[in-house]
Amino acid sequence: MRHWLWAVASLVISVELAAAGFDYPLQPQQIATDTFVLEGKTEDFSKDNGGFIVNSGYIVTQDGVVVIDTGASRRFGEQQRALIEKTTGKKVIRVYITHHHPDHFLGNQAFSELPIYALPATTQGVQREGEMFSSNMYRLIGDWMRDTSVVAPNQVAQVGKETLGGHELEVLAFKGHTQGDLAIFDHTTGVLFAGDLVFNNRAATTPHAEIIDWLASLEQLLKLPFKVLVPGHGKITQDAEPIAQTRAYLVWLQTILQQAAANGLDMNEVMATPIPADFKAVALAQSELRRSVAHLYPALETEQLKPAKQAE
Ligand SMILES: [Zn+2]
């Protein structure tokens with residue numbers, strides 16, 4: 001009996017120690033030759049997931065490894081880098097940051113001596129809002145953030161193609177999800193890293209969104225001859241379905257917001273709009289709708305009031 005109790009007690013202790021270790025469940029998923037993704041959950045930030053809610057990728061070139069996005073914390077970046085260097089036997093040589101949202105760049109500290117590339121708008125966004133994002137993340141994921149500080153990208157990503165260690169990589173610059181949305185298209189493997197321009201079965205987030213620009217960017221992405229699509233959040237696919245889904249969701253969002261503004265609805269009424277059956281499989285649709293209304297509706301209401309004011 002004593003032995004049994006002791007066994008249970010030690011099990012509890014070892015589980016607690018593992019939790020105290022703050023180890024992210026990182027499992028490299030090979031999606032093409034030389035190309036891997038660490039796929040995050042389609043959840044909100046929480047103390048359970050430690051902010052591992054985003055897809056980060058890496059390409060193992062002959063010259064070393066190229067990392068795309070560094071996750072939500074110093075711990076994530078460090079564990080990501082250690083895993084990559086252990087499993088590939090190669091050094092990370094370069095990092096790209098797709099945009100300035102905290103789940104995509106707060107692991108930069110683990111790569112700070114390396115070139116970290118981003119679009120100018122992304123670096124400006126990190127400089128402007130990074131500290132605010134970081135304190136918010138301490139509140140949302142707690143000790144997973146320990147010793148995380150903001151490290152801004154240190155190189156300007158040049159749009160266009162470059163051959164690196166046998167991979168022809170193209171940097172593409174878009175906007176719409178934020179003012180600087182970088183995508184990477186690997187012409188050698190056909191993999192497109194779309195960042196948060198594309199969500200798959202996870203509602204799009206809109207704190208810095210310009211929906212018209214975003215829709216135009218999706219049209220451009222659709223023209224690329226990709227074979228594998230890596231969305232910023234959600235499952236990797238071999239078709240363009242997540243682009244179509246993100247587009248349909250944004251069109252719906254834009255339509256309900258415009259109609260609500262035209263009809264003079266207040267924010268609470270718009271937030272209560274039912275999610276159409278088409279998006280029932282989309283995680284966090286109702287909570288992201290509430291956030292999107294808060295982000296986007298005030299401007300639409302103001303626009304709606306303009307003609308009336310001019311007529312006065
Ligand atoms: Zn984002």
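Which helices each supply at least two residues of the lining of the second largest pocket? Hold that thought while we walk through the structure, which is a predicted model.

Let's start with the sheet. Seven strands make an open sheet, running in the order 1-2-3-4-5-6-7 with mixed pairing. The edges belong to strand 1 (29-32) and strand 7 (155-156); each has a single partner strand, so one side of each is left without a neighbour in the sheet. Further in, strand 4 (residues 64-68) pairs with strand 5 in the parallel sense, over 4 bridges. If you want one contact to click on, try Val-65, whose bridge partner in strand 5 is Val-92.

Next, the metal. The zinc ion is coordinated by three histidines and one aspartate: His-99 through NE2, His-101 through ND1, His-177 through NE2 and Asp-196 through OD, at 2.2 to 2.3 Å. Along the chain, these donors follow the spacing H-x1-H-x75-H-x18-D. His-101 sits in the loop between strand 5 (92-96) and helix 3, while His-177 sits in the loop between strand 9 (167-174) and strand 10 (181-186), so the pair ties together parts that are 76 residues apart in sequence. Both His-101 and His-177 are buried.

What about the geometry? The angles among the 4 donor atoms run from 85 to 171 degrees, and the site is irregular. A tetrahedral label would need all angles to lie between 85 and 135 degrees, so the upper end of that range rules it out. For reference, the ideal angle for four tetrahedral donors is 109.5 degrees.

Now the pockets. The largest pocket has a volume of about 480 Å³. Its lining takes in 22 residues, with Phe-45, Pro-102, Thr-205, Pro-207 and Arg-291 nearest the centre. Helix 3 (102-105), helix 4 (120-141) and helix 8 (285-311) are the elements giving two or more residues to this lining, and helix 4 has the largest share, 6 residues. By class, the lining has 8 nonpolar, 6 polar and 8 charged residues.

The second largest pocket comes in at about 280 Å³. It is lined by 13 residues, and Ala-209, Glu-210, Ile-211, Leu-296 and Ala-299 are the closest to its centre. That brings us back to the opening question: helix 5 (211-222) and helix 8 are the ones that each supply at least two lining residues. Helix 8 gives the most here, with 5 residues. The class split for this pocket is 7 nonpolar, 3 polar and 3 charged. Helix 8, then, contributes to the linings of both the largest pocket and the second largest pocket.

Note on methods. Residues are numbered from 1 along each chain as its sequence is written. This is a predicted model: local features need pLDDT of at least 70, side-chain atom pairs count only at pLDDT 80 or more; totals for chains, interfaces and linings use all residues. Side-chain values use heavy atoms; hydrogens and water are left out. On a 1 Å grid over the protein atoms alone, a cavity is a set of points where a 1.4 Å probe fits but cannot get out, and a pocket is an open set with protein on both sides within 12 Å along at least five of seven lines; lining residues have an atom within 4 Å of a point. Grid points are joined across faces, edges and corners, and a volume is the space filled by probe spheres set on the points. Ala, Val, Leu, Ile, Met, Phe, Trp, Tyr, Cys and Pro count as nonpolar, Asp, Glu, Lys and Arg as charged, and the others, Gly among them, as polar. Donors are N, O and S atoms within 2.8 Å of the metal (3.2 Å for Na, K and Ca); water is not among the atoms, so sites may look incomplete. Four donors count as tetrahedral if all angles lie between 85 and 135 degrees; four count as square planar and six as octahedral if opposite donors are over 155 degrees apart and all others between 65 and 115; anything else is irregular. Buried means under 20% relative accessible area, exposed over 50%, partly exposed in between (1.4 Å probe, protein chains only). Two strands pair if DSSP finds at least two bridges between them.
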